[in-house]
Amino acid sequence: GMDSNLGYNALVSYELAFTIQEYLKIEAKPDIVEVQDYQGLGYYLHLFKKFGYEYFRDLCTLTTLHSTALLYQRVNREAIYKFPTFWVGEMEKFAILASDILISPSQYLVDRLAEDFRINDREVTVIPNPIRSVSPLVQSTFERNNIVFFGKMVYTKGGFQLIEYFKKLWNQGFTNPLTIIGDADFILHSEDMLAREYIY
């Protein structure tokens, strides 16, 4: 079935397209439907548009490049040619190339994707983060030598690399601790253990 061969992400993408269709039946057509690239979420939405399905054929679709699994799975040392992981990458590529409008927070992301597939066949508008705000800055205080890492413990976020760097510092007599705030209760495929266990 779809779940075993194409994977859970294909199921989620199909459900998203189905849900959008339910709204399109009763609501006015939106000017733009925006969807992220992540795990091919927009795959079936774009497929239904390409097929010319009612409610989908006239939609204007925008894909925001953000965290393409195609890239981060390689960095996180996952088995990228194994199903359903491989299929997620294929869904992402199609969804990106099938979009009417493509935006990216950086040229770097576009350049990395261009190493894998022909994203440069499409125009990508780079809108850098952060978007400047005119709101006044809130006064904040910080505690010296209280070093904190915020983020999920995956290779792409740099947490493991930071720990290795701190090990060297501690071995040289550095005394300040490192506090990690983020999810570590998931399997690291390359190590075949929980991220939390790998850290210890």
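**Close-up views of a predicted model**

**View 1. Gln39 and the loop that leads into helix H3.** Gln39 sits in the loop that runs between strand E1 (33-36) and helix H3. In this predicted model, the backbone of Gln39 has a positive phi of about 55 degrees, although the residue is not a glycine.

**View 2. Helix H3 and the cover around it.** Helix H3 (residues 43-50) is largely enclosed by the rest of the structure, because seven of its eight residues are buried. The buried residues in H3 are Tyr43, Tyr44, Leu45, His46, Leu47, Phe48 and Lys49, a list that holds a lysine and a histidine alongside leucines and aromatic residues. After the helix comes Gly52, whose phi is positive, near 75 degrees.

**View 3. His46 and its contacts.** His46, which has its place in helix H3, has a relative accessible area of 1% and therefore counts as buried, the limit for that class being under 20%. When residues up to four places away in sequence are not counted, His46 touches Val35, Thr61, Thr63, Phe94, Ala95, Ala98 and Ser99. Among these partners, Val35 falls within strand E1 (33-36), Thr61 and Thr63 fall within strand E2 (61-64), and Phe94, Ala95 and Ala98 fall within helix H5 (85-98).

**View 4. Tyr55 in the loop after helix H3.** Tyr55 belongs to the loop between H3 and strand E2 (61-64). Phi of Tyr55 is near 75 degrees, which is a positive value in a residue other than glycine. With a relative accessible area of 31%, Tyr55 is partly exposed, whereas His46 in the preceding helix is buried.

**View 5. The cis peptide bond between Phe83 and Pro84.** Phe83 and Pro84 are joined by a cis peptide bond, with omega at about 0 degrees. Pro84 lies in the loop that connects helix H4 (69-75) with helix H5 (85-98).

**View 6. The Glu22 and Lys25 pair in helix H2.** The side chains of Glu22 and Lys25 meet in a salt bridge, with an N to O distance of 3.4 Å. Side chains of opposite charge can pair when their charged atoms come close. Because Glu22 and Lys25 are three residues apart in helix H2 (residues 8-26), about one helical turn separates them. Both partners are partly exposed, Glu22 with a relative accessible area of 34% and Lys25 at 43% relative accessibility.

**View 7. The Glu164 and Lys167 pair in helix H7.** Lys167 forms a salt bridge with Glu164, and the closest N and O atoms of the pair are 3.2 Å apart. Both residues lie in helix H7 (residues 159-171), where a spacing of three residues corresponds to about one turn of the helix. An α-helix has 3.6 residues a turn, so residues three or four places apart point the same way. Lys167 counts as partly exposed at 39% relative accessibility, and Glu164 likewise counts as partly exposed, at 44%.

**View 8. The Arg118 and Asp121 pair.** A salt bridge brings together the side chains of Arg118 and Asp121, at 2.9 Å from N to O. Arg118 is exposed, as is Asp121. A search of the whole structure finds six salt bridges, including this one.

**View 9. Ala114 in helix H6.** Ala114 lies in helix H6 (residues 107-114) and is partly exposed, with a relative accessible area of 29%. Leaving aside residues up to four places away in sequence, Ala114 touches Ile119 and Asn120. Ala114 and Val33 are 81 residues apart in sequence, and their C-alpha atoms lie 24 Å apart in space.

**View 10. The whole chain, as a setting for the close-ups.** The chain contains eight helices and eight strands, and its C-alpha trace spans about 65 × 50 × 35 Å along the principal axes. Its radius of gyration is 21 Å, where a compact globule of 200 residues would have a value near 16 Å. Of the 200 residues, 34% count as buried, and 54% of the accessible surface, which comes to about 13200 Å², belongs to carbon and sulfur atoms. Among contacts with a separation of 6 or more, 64% are accounted for by residues 24 or more positions apart. There are 19 positive and 25 negative side chains, and the centres of the two sets lie 5 Å apart.

Note on methods. Residues are numbered from 1 along each chain as its sequence is written. This is a predicted model: local features need pLDDT of at least 70, side-chain atom pairs count only at pLDDT 80 or more; totals for chains, interfaces and linings use all residues. Side-chain values use heavy atoms; hydrogens and water are left out. Helices (H or I, at least four residues) and strands (E, at least two) are DSSP runs, numbered from the N terminus. The radius of gyration is taken over C-alpha atoms; the globule rule is 2.2 Å times the number of residues to the power 0.38. Buried means under 20% relative accessible area, exposed over 50%, partly exposed in between (1.4 Å probe, protein chains only). Contact means heavy atoms within 4.5 Å. Accessible areas come from the Shrake-Rupley method with a 1.4 Å probe; for residues, only the protein chains shown count as cover. Lys and Arg count as positive and Asp and Glu as negative; His and the chain ends are not counted. The place of a charge is taken as NZ of Lys, CZ of Arg, CG of Asp or CD of Glu. A salt bridge is a side-chain nitrogen of Lys or Arg within 4 Å of a carboxyl oxygen of Asp or Glu.
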